[in-house]
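Reader: I am new to this structure. Please walk me through it, and tell me how each label was earned.

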Amino acid sequence: MGTVIQSFKTGALVLLFGTMLMACAEKPIQGSDAALQALQAAKQAGATEYAPEALRVAEDEYQKAQEEIGVQDNTFMLTRNYDAANALLTKVAGDAEKAKIAAIANKQQAKSEAEGSVVLAKTSLEEAKNQLAQAPTGKGTQADLQALRGDLQAAEATLGEIDAIMAKEDFLGVKAKAESVQTLATRVNEQVAQAILKTGKHKKA
Amino acid sequence: MQWWGSGWHPAKRPAIWLTTGALIILSSLFVAWWNADRLPPLFPPQLESLDRQAWTHGAEAFSLERYTAFHQDITDLRTQWRREQSRWWPTADTQTLQTTYQRLLHEGTDLLEASKHQKSTRHQQLTTALESERRQVNRLRALIGIFDVRRNLRALSVTEGLLNQAASRFKQDRDDQARILLLQARESLLPVESQAMAQMKRYGAASQLAKWNHWVASTLKWSSTTGGTAMIVLKASGQLVLYQHGKPLRRFPIELGFSGLQEKIQEGDGATPEGQFRILQKKEAGATKFHKALLLNYPTSEHRRRFQEAKVRGVVAAHRAIGGLIEIHGQQPNGNNTTNGCIALDNADMDVVFYLAKEGTPVTVVGALQSDNWIVKALHDITEHTRHRIALPAESGSVRHP
C-alpha cells in the first residue's frame, strides 16, 4: 500500500515538474535576430532613402515585438507566452523584406531615370555646343557669346561632377545636376537660335 | 408556532439561504463583469497610423522634441495596455488608459496638422526664395552687353545652374538639399551683384548727372547761338538726338559697345566714351565697312589725363592703351549693330545723320540727364534684393533623408 502511495507521489511530482517546464516558454531570440538582420538588409538595400515609409512600418513592428517580449518577460513564469511576439517578429521579417524589395526597385528606377537624364543632358550640351559654333559673330557679339560660352562651361563642369556622385549612388543628386545641365544647354540653344533668326546668318563653318 | 408547523423542515433553511445568497453574489459578479470596461484585444491602430503620418510629413524634422515625446507616449501606452490586458479584470485600470489614449489622439492630430503646415510653409518660403533669386539672375543677365560683367559671367552661369538644381530637388521633395543649393547660389551671386551695382551707381549720382547736364547745356547753347547742327548721344535711353538752332530735329535709336553704358577706361573694354567731342572725319561708303561713319576726336586731352591717372592708381595695367577710333557708324556687314564702343545706327538713319553732320560738328555723349532713368530703377531693384533677401527657413534637421 505504501509503495503505491509513494509511486503516486513521484508521478505527481514528475507531472508537476513537466508542466512547469512546458509552461516556461522560450524567449524568441532567434526570431529577434532574424528580424534585425532583415531590417539591416533593408537598410543596406537603401530603404532609408528609397523606401522610408515601408522601412518605418517594419521598424515599428520590431519595436512592438520588443515591447511584447518585455511584457512577457515580466509575466508569471507559468503564464508566460511569446506567441504574440513571435508573430510580430515574423511580420517584421516580412515587412523588412517588402521594404528591401521596394528600395531595390525604387533605387533601380532612380538610377535609370538618372542615367536617362545624363544622356539627355549630354545630348543637349553637344547640341548647344554645335549651335554655338554656328552663332553669328562679329563686332559687338563678344559679350553675348562669352555669356553663352560661360553657360556651357558651367554646364560642362556640372556634368563633370556627375560621375563622382553616381559612384556614391546618389541618383537623385545626379538627376538634379543632369536636369540643370539640360536647362542651361536648352537656354543656350534657344538664344543662339534667336540670334541666328535675328541676323538671318550662320557663321561659316 | 404555526409557522414552524407549515411543512418546512428547519434543517433545510440555511442551505436555501446560502444557495440564494450565492446566486445573488454570482449574478452581481456576472453583471459587474458584463458591464466592466474591457480593453480591445489589439491596440487600436489609429495612434500608430497618426504617428507614421506625422513622421512622413516631417514631424521628426520640424518638432523633434514634441514628436519624440508623442512617439514615446504611444510606446508607453501600448506597454501599459498589454499589462492591463493580462490583469484580472476587476483590478485593470482601463479608465486611465482610455483618457491617455484620447489625449494622444488629439496630440497626434495636432502634431500631424502642425507638421503639414510647417512643411508646406517651409516649401513655400524656399520656392519663393528660389523664384526671387531667379529674378535677380535675370536682372543681372539683362546687363550683359550693356555693362562689363565679363569677369563674373561664369559666376552667373554657375548660379543659374545651382538654382536649376535646387528646382529639381524641390520636385524630388528634397527641400533640405534644395535649401543648401539655394544658399550656394546666393553666395555665388554676391560678386556679380556688387560689381554690377558699382558700375550702375554713376547713373544716379547727383554730381555725375550735373556734369552730364552741363555738357549738354553748353552744346545746345552753342547750337542755339550759332544755329549749327549738334548731336547729343544719350546712352541710357539709347538715342542720338540731332539739334539745330538749339532745338531737337530728329531722334534715332542707337546701339553702343558691348559694355556701352560703362565708363570707358581702356582699349577693348567695350565701353562707349562719354564727353564733349567733335567730328574729325566723315567716311563715305567705301571708306568704311559700316556703311558710313563719322570719326570722333576720342580720346580728348581730358580722357588722356584721366587715363594716366588711372594707370598711376593701378586701375589700368601699365601696358594697356587708351583706345580710339570711336565712330558714329551704320550697320555691320553681318547686320549686328552692337559695337566695341562706337555708336551704331541703322543705315537709313545713318544717311540722315551723315548728311547733316560736318567735320567739327559737336557730339556730346552722356549717360543720362535725369535721375529717374531705367538704370537707376534697375539698380534699385538689384540693391533692394540684396538688402531684403527672403530669409531662408532654418535647416530642418531631417533624419529621414540623410
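Author: What follows takes the labels one by one and sets each value against its cut-off. Keep in mind that this is a predicted model.

Reader: Start with the sheet in chain B. What is the order of its strands?

Author: The order is β3-β2-β1-β8-β4-β5-β6-β7 in chain B. That makes an open sheet of eight strands with mixed pairing.

Reader: Why are β3 and β7 of chain B said to stand at the edges?

Author: Each has a single partner strand. One side of β3 (247–253) and of β7 (343–344) is therefore left without a neighbour in the sheet.

Reader: What makes β1(B) and β2(B) a pair?

Author: Two strands pair when at least two bridges are found between them. β1(B) and β2(B) have six bridges, in the antiparallel sense. They therefore count as a pair. One of the matches puts Val233(B) with Leu240(B) in β2(B).

Reader: What lies between β1(B) and β2(B) in the hairpin?

Author: Four residues lie between the two strands. Gly238(B) sits in the turn, with a positive phi of about 60 degrees.

Reader: How does β1(B) run relative to β8(B), parallel or antiparallel?

Author: They run parallel. Four bridges join β1(B) to β8(B), residues 362–366. Ile232(B) has Thr364(B) as its bridge partner in β8(B). The cut-off is at least two bridges, so this is a pair as well.

Reader: Why is β1(B) called largely enclosed?

Author: Five of its six residues are buried, so the rest of the structure largely encloses the strand. The strand covers residues 229–234.

Reader: What makes both faces of β5(B) covered?

Author: Look at each side in turn. Ala293(B) and Leu295(B) are buried on one side. Leu294(B) and Leu296(B) are buried on the other.

Reader: Which strands pair with β5(B)?

Author: β4(B) pairs with β5(B) in the antiparallel sense over four bridges. There, Ile279(B) stands opposite Leu296(B), and Gln281(B) stands opposite Leu295(B). β6(B), residues 327–329, is joined to β5(B) by three bridges and also runs antiparallel. In β6(B), Glu327(B) stands opposite Leu295(B).

Reader: Why is His291(B) called buried?

Author: Count its neighbours. His291(B) has 22 other C-beta atoms within 10 Å. The label needs 20 or more, so His291(B) is buried. This residue is found in the loop between β4 and β5 of chain B. Its phi is near 70 degrees, a positive value in a residue other than glycine.

Reader: Why is Glu169(A) called partly exposed?

Author: Glu169(A) has 16 C-beta neighbours inside 10 Å. Buried needs 20 or more and exposed needs 12 or fewer, so 16 falls in between. Glu169(A) lies in the loop between α6 and α7 of chain A. Its phi is also positive, near 60 degrees, and it is not glycine.

Reader: How do you know that the bond between Tyr298(B) and Pro299(B) is cis?

Author: Its omega is about 0 degrees, and the peptide bond is listed as cis. Pro299(B) lies in the loop between β5 (293–296) and α9 (301–313) of chain B.

Reader: Why are the buried residues of α11(B) said to line one face?

Author: Ile375(B), Val376(B), Leu379(B) and Ile382(B) are the buried ones. Seen down the helix axis, the buried residues fall within an arc of 125 degrees, so they line one face. They pack against α5 (94–141) and α7 (175–200) of chain B.

Reader: Which exposed residues are on the face of α11(B) turned away from the buried side?

Author: Trp374(B), Lys377(B), His380(B), Asp381(B) and Glu384(B) are there.

Reader: How does the span of α11(B) compare with the expected one?

Author: The helix has 14 residues and reaches 20 Å from its first C-alpha to its last. That is close to the 20 Å expected at 1.5 Å a residue.

Reader: How many residues does each chain give to the contact?

Author: Chain A gives 40 residues and chain B gives 38. On the side of chain A, α6(A) gives the most, with eleven residues. The residues on that side divide into ten nonpolar, 16 polar and 14 charged.

How values were computed. Residues numbered from 1 in each chain as written. Chains lettered and ligands numbered in written order. Predicted model: local features only at pLDDT ≥ 70, side-chain atom pairs only at ≥ 80, totals over all residues. Contact = placed C-beta atoms within 7 Å. Nonpolar A, V, L, I, M, F, W, Y, C, P; charged D, E, K, R; others polar. Expected span 1.5 Å × (residues − 1). Arc of directions from axis to C-beta.
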